[in-house]
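Here is a short briefing on a protein–DNA model. It covers symmetry, an internal cavity and one DNA strand.

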2 protein chains.
Amino acid sequence: MSEISPSELPRDFASLKALIVARAEELPRRLTQVATYAVENPDEMAFGTVASIAQNADVQPSALVRFAQSLGYQGFSDLQEVFRSRLRERVLNYDERLQQLQDHAKDKSKSSVILDGFSEASSKSIADLRQHIDENQLEQAIAMLANAETIYLVGLRRSFPISSYMAYAFGKLGVRTRLVDAVGGLAQEDVSFATAKDCVLAISFTPYASETVALAQAAVARKVPIVAITDSPFSPLASLATTWFEIQEANFEGFRSMAATLTLAMTLTVAVAERRSTRKGK
Amino acid sequence: MSEISPSELPRDFASLKALIVARAEELPRRLTQVATYAVENPDEMAFGTVASIAQNADVQPSALVRFAQSLGYQGFSDLQEVFRSRLRERVLNYDERLQQLQDHAKDKSKSSVILDGFSEASSKSIADLRQHIDENQLEQAIAMLANAETIYLVGLRRSFPISSYMAYAFGKLGVRTRLVDAVGGLAQEDVSFATAKDCVLAISFTPYASETVALAQAAVARKVPIVAITDSPFSPLASLATTWFEIQEANFEGFRSMAATLTLAMTLTVAVAERRSTRKGK
DNA sequence: TACTATATGGAATGAAAATTCCATAGTCTG
DNA sequence: CAGACTATGGAATTTTCATTCCATATAGTA
């Protein structure tokens with residue numbers, strides 16, 4: 001009945017998907033329709049019944065069975081097993097992982113618990129960042145930084161690793177920056193060379209370092225545009241900045257992650273460098 | 001028939017689990033058995049049939065139906081829906097997420113693609129770290145650092161943000177460190193004060209900064225124990241170090257993440273500080 | 001255009017599943 | 001210890017589901 005079925009049908013979702021895509025065009029019209037639906041709604045395929053799926057895909061129940069058979073499976077149920085296996089392999093979601101962390105904390109070494117805790121906090125922070133960031137704002141910040149003659153990187157104490165990373169990475173990519181560290185009030189002088197053609201990237205989290213705020217104020221006074229990365233709308237940087245990102249880092253036992261900030265920093269660095277190189281090319 | 005069912009039964013897995021746990025003890029013996037099985041085998045509950053689950057849980061099929069009804073559901077199928085919803089909500093696994101990134105790259109802004117790429121790379125790096133790390137090794141490194149009189153933090157160029165983060169965090173936690181930056185060959189002098197009672201934490205990735213290697217060699221000569229964080233068994237640090245961590249950072253378009261290294265750094269910092277404070281307390 | 005092969009819709013069928021029912025066992029109470 | 005109530009196992013029943021079948025439509029070919 002089926003053209004191919006050399007006993008080695010896909011049993012995992014990835015290869016099944018590949019098979020469906022490959023065979024899709026040589027299948028009859030209605031079965032192509034099923035193929036499309038299957039690839040686009042794998043969850044539904046895993047849990048639905050022939051009748052419910054048929055209704056949603058707008059085909060007859062028999063079409064589903066035929067589809068499965070034309071791929072070489074015994075019937076729909078056989079095919080459905082593969083879609084179900086996909087869900088079994090899925091990664092746990094955050095709530096579950098957190099729960100699991102707590103459940104297994106007893107039988108693990110203290111250091112492993114800490115590692116797991118920070119891993120979770122970091123992953124969660126990154127996921128939140130991705131979900132909450134405003135695309136337009138990201139675009140605006142990149143444009144501002146890409147247009148700047150010199151980027152002044154302001155980040156002290158806890159934020160210093162981030163700004164020093166950006167200084168290093170920008171340097172590698174040929175973008176001119178100035179890493180402002182505020183040792184003994186020398187910092188202000190640095191920024192006092194900045195003009196409206198430059199840009200300040202200020203990073204600060206609670207408790208906001210007073211030097212960072214002072215530097216940002218000096219920049220505002222000189223009409224230097226500011227991109228800020230901070231953690232709250234009430235941050236002093238929020239009102240000073242031309243545009244600003246709110247980053248919520250998850251914490252483990254009170255120690256905040258820095259993963260989201262670092263990820264955003266990497267993004268800005270590469271995006272700005274990329275923007276500059278394409279612009280220069282023209 | 002059922003005691004409670006005020007039309008607001010759990011429809012999500014988290015609250016269902018809470019309900020089951022809460023009601024478990026007041027249920028009859030066989031139904032408690034079902035409750036236990038359900039909580040411990042949620043996947044099976046989602047995919048199995050009444051017959052198959054009953055067999056695995058070693059109860060009669062009717063017990064499953066009764067269990068569902070005693071919680072307030074119409075029947076087993078009704079309850080099973082909740083277990084299924086849990087799997088639907090699960091996070092995609094890495095392969096799928098990567099695939100999805102590529103699929104949706106067209107209809108997104110370039111900057112979003114970069115952010116997604118780095119987010120993915122960071123999450124993956126952290127997951128790998130957690131999976132591959134050796135607990136005993138982690139313990140050993142923490143012990144070494146906790147016992148040191150002074151911790152010398154050696155990390156240059158790309159690794160400098162990490163060591164500077166640790167310097168900051170250790171400082172906050174009252175652990176004495178020395179951040180070694182190799183400006184103009186001054187570094188060596190720093191390490192030349194170190195003794196066997198201290199410890200060097202060296203961080204370096206390809207291409208290994210020659211200064212970091214030189215510092216590590218100087219430390220070896222003075223019999224100072226070394227904990228290293230690097231990316232390959234062929235790293236010059238691997239052979240010099242007393243113990244070392246291999247970290248594989250995922251990359252996006254050739255730009256390596258730093259999330260795993262940062263997560264390990266946070267772990268070491270907090271674990272060492274914690275170890276010291278408990279020891280001091282005795 | 002006629003013929004043939006293939007595809008499709010929809011009802012019929014048979015299998016499998018969930019649910020109910022009932023007889024019996026067990027437990028609690030007076 | 002008797003009686004009443006609850007719990008349990010397992011068979012009977014009903015519902016739901018996947019699959020097959022067949023009449024009709026569609027497309028391809030001579």
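Which residues line the largest cavity? They are P161(A), I162(A), Y165(A), M258(A), L262(A), P161(B), I162(B), M258(B) and L262(B). The model is predicted: local features need pLDDT of at least 70, side-chain atom pairs count only at pLDDT 80 or more, and totals for chains, interfaces and linings use all residues. Residues are numbered from 1 along each chain as its sequence is written, chains are lettered from A and ligands numbered from 1 in the order in which they are written, and side-chain values use heavy atoms, with hydrogens and water left out.

**Cavity**

- One cavity of 30 Å³ or more is counted. A cavity is a set of points, on a 1 Å grid over the protein atoms alone, where a 1.4 Å probe fits but cannot get out; lining residues have an atom within 4 Å of a point.
- The largest cavity holds about 40 Å³ of space. Volume here is the space filled by probe spheres set on the points, which are joined across faces, edges and corners.
- Two elements give two or more residues each to this lining: α10 (160–172) of chain A and α10 (160–172) of chain B. Helices are DSSP runs (H or I, at least four residues), numbered from the N terminus.
- α10(A) gives the most, with three residues.
- The lining has nine nonpolar, no polar and no charged residues. Nonpolar covers Ala, Val, Leu, Ile, Met, Phe, Trp, Tyr, Cys and Pro; charged covers Asp, Glu, Lys and Arg; the others, Gly among them, are polar.

**Symmetry**

- A turn of 179° and a shift of 0.2 Å along the axis lay chain A on chain B with an RMSD of 0.5 Å. The two copies are thus related as by a two-fold rotation axis. Superposition is by least squares on C-alpha atoms of residues with pLDDT of at least 70 in both copies.
- P161(A) comes closest to the rotation axis among the residues of chain A, at 2.2 Å (C-alpha). P161(A) also lines the largest cavity.

**DNA strand C**

- Of the 15 residues around the strand, R30(A), Q60(A), V50(B), Q69(B) and F76(B) come nearest. A residue is near if one of its heavy atoms lies within 4 Å.
- Sugar or phosphate accounts for 69% of the strand's atoms within 4 Å of the protein, and bases for the rest.
- An N or O atom in the side chain of R66(A) is 2.9 Å from a base oxygen. For S62(A), a polar side-chain atom lies 3.2 Å from a base oxygen.
- α5(B) gives the most to the surface near the strand, with three residues.

Technical notes: 1 Å grid on protein atoms, 1.4 Å probe; cavity = no way out; pocket = protein on both sides within 12 Å on 5 of 7 lines; lining within 4 Å. Polar contact = N/O pair within 3.5 Å; in protein donor to acceptor, adjacent residues only side chain to side chain.
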